[in-house]
Amino acid sequence: MNSNMKTQRGIQRSRNTFFFAALIALGATLSAQTDGKIVVEAGRIITLAGEDIENGVIVIDNGRITAIGPAGEIEKPWDAPVVGGPAFTAFPGFIEAHTSSGMDRPNENFEVAPFLDIRDSIDPVSYYFEDCLRWGITTINVQQGAGCVIGARGMVVRPVGMTVEEMMVRPKYGLKISAIPKRGKSRSTQMQSLRYAFDDLRRYLEGLVEKERDERGQARREALFQGRDVEGEKNKGRAMGGTAWKVDGLEIIPRGAIDEKHEPLLDLVEGRYMIFFHCGSPIDVPHAIEIAETNGFLERTVLVLDEDCWKAADAIAKAGVPVILDGGLVDQRRDPLTGEERETFVPEVFEEKGITYAISSENWNDRSLWYQAALATGLGLSRDKALAAVTRTPAEILGLSDDVGTLEVGKFGNVCLFTGDPLSVTTWVDKVVIEGRPVYDRADDVRNRHLLEGVTPQGTAPPVADEGDEHDGDHEEEHQDEDEDHHEDKDEEHGEEHQDEEKEG
Amino acid sequence: MKELSIRALQRSATTIALSVLATGVAGQGADDGKDDWTLHAQHIYTAAGDAIEGGTVRVENGKIVSVRSGGGSGALEAFAITPGMIDLTPGIDMGHVSVEQSTEAVFGQSAALGLDLFSYRWDRILKSGVTTVMASAPDYNVFSGLSLCLKTGGEKTISARLVKQDVALRAAVGTQPSSGNRPPRGSEPLNFYFRRPTTRMGVEWLFRKSYYDTISAQQSGDSDNRVRDDILGKTLLGQLPLAVKAMATQDVRTAIFLKEEFGIQRMILTHAVEAWREPELVQRSGVGVCLPPFRASGRHPDGFANDAYFLPLQAAKDLFDLGVPIALSAQDGSEAGSRLGNQAGFAIRGGLSFEAALAAVTIQPASMVAIDETVGSIEVGKDADLVLWSGMPFEPTSQIIGVLLDGQLVVDPRGDSE
């Protein structure tokens, strides 16, 4: 299996290189555009803030929407390029509330790693971001660390740009905490590590204060010795903020003297970070809520949930925290006695309990947000609510409502032009404008033709021979390696369906 | 043939099973206490000619007795009605215990003998609107025996659910039938997997040898394996289709070359991910193609090297345009969004017309395995296998709100309240 996975990764890698060329072409169109004015015309504008507009116009200037309304009522600047037309439906663009796609390997082998930053791992040429444009996703919250205890600082990005800096919408955005037991751990040791992380923070701060009281200036000297920045603002101390526990006397410690591991946690307790708290099963939920409450960040906590966490809906509703559904839309459970299967449509439970929820694409390319919203509509959510769960609501949950989520004056000029209804199988994303810049045009999307028609664009075909031979060889090698387990080959496809049980991000 | 002569019993058995269940499960609310229904819908997509706008289907004794336009209302209402769907390669897990390990060429055994009718998957498949499936033994033998078609619901016996026994001989080319086998070597104790074939070449050799032996036995009149000669003989005469699992382009070519070499009359390529790469060859050969599930990402998860197989959304349309009979399959996809109806949706996304996509999940697979006299379309006299949709069929925004199987209401569109 291992060698097989390696090969896959190899193929992936080589394909990445080959499509790099195509991406450069996309990037070029991006940088050629100025941040000037642009006018988007559409036969229908789905604003998601009130009624749809028939035959509407959106004027974008300097990255933001300056006017939106019916064609007759809006004055179009004479010097602005126009995209779209009556055949298109304009839409705010989907918001990926939470994903660990688009980055290198997640889950560093530290339990508590808040000093890590996703910024160092985001891969601007990843297929994922390319697919985002293709499926109409314009804002993405990248978070990882479901396999850690405290993961890393995440980031909100736009799926366009050749560097992480270009993609950045909000750097250092949120911290990931996981209540899912790390591999090889029990649920109780996971919780113990988590509680210990905050106890450790407290002891560390108390120790700093104690030492500083013994000898003034020691914290600063040590920080300078370790090469930290303790100038300017960083040289000042501040009393501990936040609503939970306090460490007295913290004002005598220059903030720059607090080390990398504890600084983000202090930020968290003092209320400067959002928390994405990952729960893999309903029993994780009360623990997560308790830890957030004890340490004063419940208000800024978002629970990232697997599908069966709907069972903890009452606890979630009581805590009043919003949630992001990271698992399937439908929870299928079999009654162990009768064998009868029950299906629970998870968003409906959240809806009934009055929980604010966003739907994610489950880190799965086959479940992009348009498809999730369409399925959710089919399963019984109203169309408005299904659309909100992949646009407006994630914007609210992420605190990005001023910028994205709807088409309104003052918000980012992020517009997707669909060829028809955004939730229909026959509809495609035709063009995408991000902050006033046209960044995607289906006519130029060579790889979409690959996905659709199987045409390999010129110059992008891998030079290797037909893969068919490759796996034969691969497979045989595998045999040499694992003599003992041959029967597995015959069995492996017969196992119970094995959906990605392991959460990556 | 040595198979159980179930066929004779089939009809009466089905009727008994139905009447038993009718009282128990879903008999409630039927028009006149029996499984007789009047269904009304804004659109009836019959898969046999044009759609009927605003029409009525009348079901009596498990059969469709009339299909007509008009008729103000029925006991069961829906936006649209389609025939019950048919999947030739469903996600019915027969388990590795159903892989014959003593030989790589099994001819006479029926998959019926290995089916687990108590698996929870049957219910999932039925609720997803698939009312008939072809069940085959797992594809780990070069020839793995005879497939059968059966309904996905009803009393849990083969005879009650049977649509047709022995609808195809199952075979596979490529690497899978040899996987796990290897030549003996070194000082290892001899075990089960030291057997042939161990390579792709060996698989083809065994395939050829079987046909050669049958043909020479027919010529000499002296057979060493009458079951094999009988069954392969039927495939040569066109009395039995050969359903071959052929995924990669190379496998598709192999299967078609074998068809042409021996004059195998009817062949269905199943799991045919890459049949689209050889459109002319597939068209010329006259094979039917059963496509595996589409992936939005374009990468297919089945097979040994996941990324290697690739099925573009337009594959169904391209093959259809060449006149190749197309069937779609959801395989193991039992979650909302991965079911057979969704596959038809993806095919439409790839440019296939609605009518062709409908045919590809109903009448087309039915005629590939010659069960189209009883199922596969909404026509008078056929089994009352019907799917009721809340909106346009195959759109992800639409839901299957009702399913009738042999006239029995197995998913009730009137909700749980009734």
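Two residues are said to be in contact when heavy atoms of theirs lie within 4.5 Å of each other, and with that meaning in hand we can walk through this predicted model, beginning at a residue of its interior. Leaving aside the neighbours within four places in sequence, A:Leu303 is in contact with A:Phe277, A:Cys279, A:Val285, A:Ala288, A:Ile289, A:Ile316, A:Val321, A:Pro322, A:Val323 and A:Ile324.

The surroundings of A:Leu303 belong to a wider picture, for the largest nonpolar core has 196 residues, and within this core A:Leu303 and B:Phe143 are the residues that touch the most other members. The largest share of the core comes from helix 4 of chain A, residues 187-214, which supplies nine residues. In soluble globular proteins, nonpolar side chains tend to be buried together.

A residue of another kind is A:Glu290, which lies in helix 7 of chain A, spanning residues 284-294. A:Glu290 counts as partly exposed because its relative accessible area is 35%, a value that falls between the limits of 20% for buried and 50% for exposed. Although A:Glu290 and A:Ala319 stand 29 residues apart along the chain, their C-alpha atoms are separated by 9.4 Å.

Turning to chain B, one finds an open sheet of seven strands, arranged in the order 3-2-1-4-14-15-16 with mixed pairing. Its edges are formed by strand 3 (63-69) and strand 16 (408-411) of chain B, each of which pairs on one side only, and from one strand to the next the twist averages 35°. Within chain B, strand 1 (residues 37-44) and strand 2 (residues 52-60) pair in the antiparallel sense over seven bridges, and B:Leu39 has B:Val57, in strand 2 of chain B, as its bridge partner.

Methods
Residues numbered from 1 in each chain as written. Chains lettered and ligands numbered in written order. Predicted model: local features only at pLDDT ≥ 70, side-chain atom pairs only at ≥ 80, totals over all residues. Heavy atoms only, no water. Core = buried A, V, L, I, M, F, W, Y, C linked by side-chain atoms within 4.5 Å. Buried < 20%, exposed > 50% of the residue type's maximum accessible area, 1.4 Å probe, protein only. Helix = DSSP H or I, 4+ residues; strand = E, 2+ residues; numbered from the N terminus. Pairing = 2+ DSSP bridges. Axes fitted to C-alpha atoms, helices over the stretch in contact; angles between N-to-C directions.
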